[in-house]
Amino acid sequence: MTLLILGLLLFLGLHSVRIVADGWRSAQLARLGEQRWKGVYSLVAFVGLGLIIWGYGLARQQPQVLWTPPMGMRHASGLLMLFSLILLAAANVPRNRIKTVVHHPMLLGTQLWAVAHLLANGNVADVLLFGGFLIWSLADLRSALRRDRAAGVAYEGGTAQGTVIAIVAGCALWLLLAFWLHGVLFGVRPFG
């Protein structure tokens, strides 16, 4: 459990710098330059993510059960994941209406991902992992919306084509994960 916690602190801590110390971040970005800042940031994020994966894998070998979710929660989780992956796609597909309406679809998708997995899992490691990401994404969304208001950010109207592409890409990713890739990567088949 120690590696999982260390990884979460490193990864989410790094991703919280803009929330708690945006001025420091800006100073470091100016001092190091964009490329070096991104290199250091990526390296630390990669180490944190690696520790999360390793620590979570170890914790799953000796689960500490807090509760056993009812079977129906797997289906609720699957539905939430569909919307989560559509939001994830919308964060990366240009000119879509979803991004125009919700502003930060990646963070909202992360929140749905976390809630979906908390509904379907009841171990201590699950609560740490998914609960940690849920709390972080809520704080980051609040911070991002505050920065947007302060900067007067306006979100462009999306096109029907961009919106359809985001929805189709999210659905395709959901099908791939739900019926194959989640089992291959994590050893858990949500619907099988």
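Helices (H or I, at least four residues) and strands (E, at least two) are DSSP runs, numbered from the N terminus. With that in hand, here are some exercises on this predicted model.

**Exercise 1: the fold**

Task: Find how many helices and how many strands the chain has.

Solution:
- Step 1. Going through the chain, you will find nine helices and zero strands.
- Step 2. Written in sequence order, the pattern reads α-α-α-α-α-α-α-α-α.

**Exercise 2: overall shape**

Task: Decide whether the radius of gyration of the chain agrees with that of a compact globule.

Solution:
- Step 1. For 192 residues, a compact globule would have a radius of gyration near 16 Å.
- Step 2. The chain has 18 Å, which agrees.
- Step 3. Look also at the C-alpha trace, which spans about 45 × 45 × 25 Å along its principal axes.
- Step 4. Now turn to contacts with a separation of 6 or more: 77% of them join residues 24 or more positions apart.

**Exercise 3: inside and outside**

Task: Work out what share of the residues is buried, and what supplies the exposed area.

Solution:
- Step 1. Of the 192 residues in the chain, 35% are buried.
- Step 2. The chain exposes about 11,300 Å², and carbon and sulfur atoms supply 69% of that area.
- Step 3. For charge, count 15 positive and 6 negative side chains; the centres of the two sets lie 3 Å apart.

**Exercise 4: the nonpolar cores**

Task: Find which residues of the largest nonpolar core touch the most other members, and which helices supply this core.

Solution:
- Step 1. This core has 20 residues, and those touching the most other members are Leu4, Leu8, Ile52, Leu129 and Phe133.
- Step 2. At least two core residues come from each of helix 1 (2-15), helix 4 (34-61), helix 7 (105-120) and helix 8 (124-151).
- Step 3. Helix 8 gives the largest share, eight residues.
- Step 4. Zoom in on Leu8: leaving aside residues up to four places away in sequence, Leu8 touches Gly13, Ile52, Leu128, Leu129 and Phe133.
- Step 5. There is also a second, separate core of 13 residues, with Met81, Leu82, Ala90 and Ala178 among them.

**Exercise 5: Val124**

Task: Is Val124 buried, partly exposed or exposed?

Solution:
- Step 1. Locate Val124 in helix 8.
- Step 2. Recall that buried means under 20% relative accessible area and exposed over 50%.
- Step 3. Val124 has 21% relative accessibility, so Val124 counts as partly exposed.
- Step 4. Beyond residues up to four places away in sequence, Val124 touches Met1, Gln64 and Leu66.
- Step 5. Finally, the C-alpha atoms of Val124 and Trp67 are separated by 9.3 Å, although these residues are 57 residues apart along the chain.

Methods:
Residues are numbered from 1 along each chain as its sequence is written. This is a predicted model: local features need pLDDT of at least 70, side-chain atom pairs count only at pLDDT 80 or more; totals for chains, interfaces and linings use all residues. Side-chain values use heavy atoms; hydrogens and water are left out. A nonpolar core is a set of buried Ala, Val, Leu, Ile, Met, Phe, Trp, Tyr and Cys residues joined through side-chain atoms within 4.5 Å. Buried means under 20% relative accessible area, exposed over 50%, partly exposed in between (1.4 Å probe, protein chains only). Contact means heavy atoms within 4.5 Å. The radius of gyration is taken over C-alpha atoms; the globule rule is 2.2 Å times the number of residues to the power 0.38. Accessible areas come from the Shrake-Rupley method with a 1.4 Å probe; for residues, only the protein chains shown count as cover. Lys and Arg count as positive and Asp and Glu as negative; His and the chain ends are not counted. The place of a charge is taken as NZ of Lys, CZ of Arg, CG of Asp or CD of Glu.
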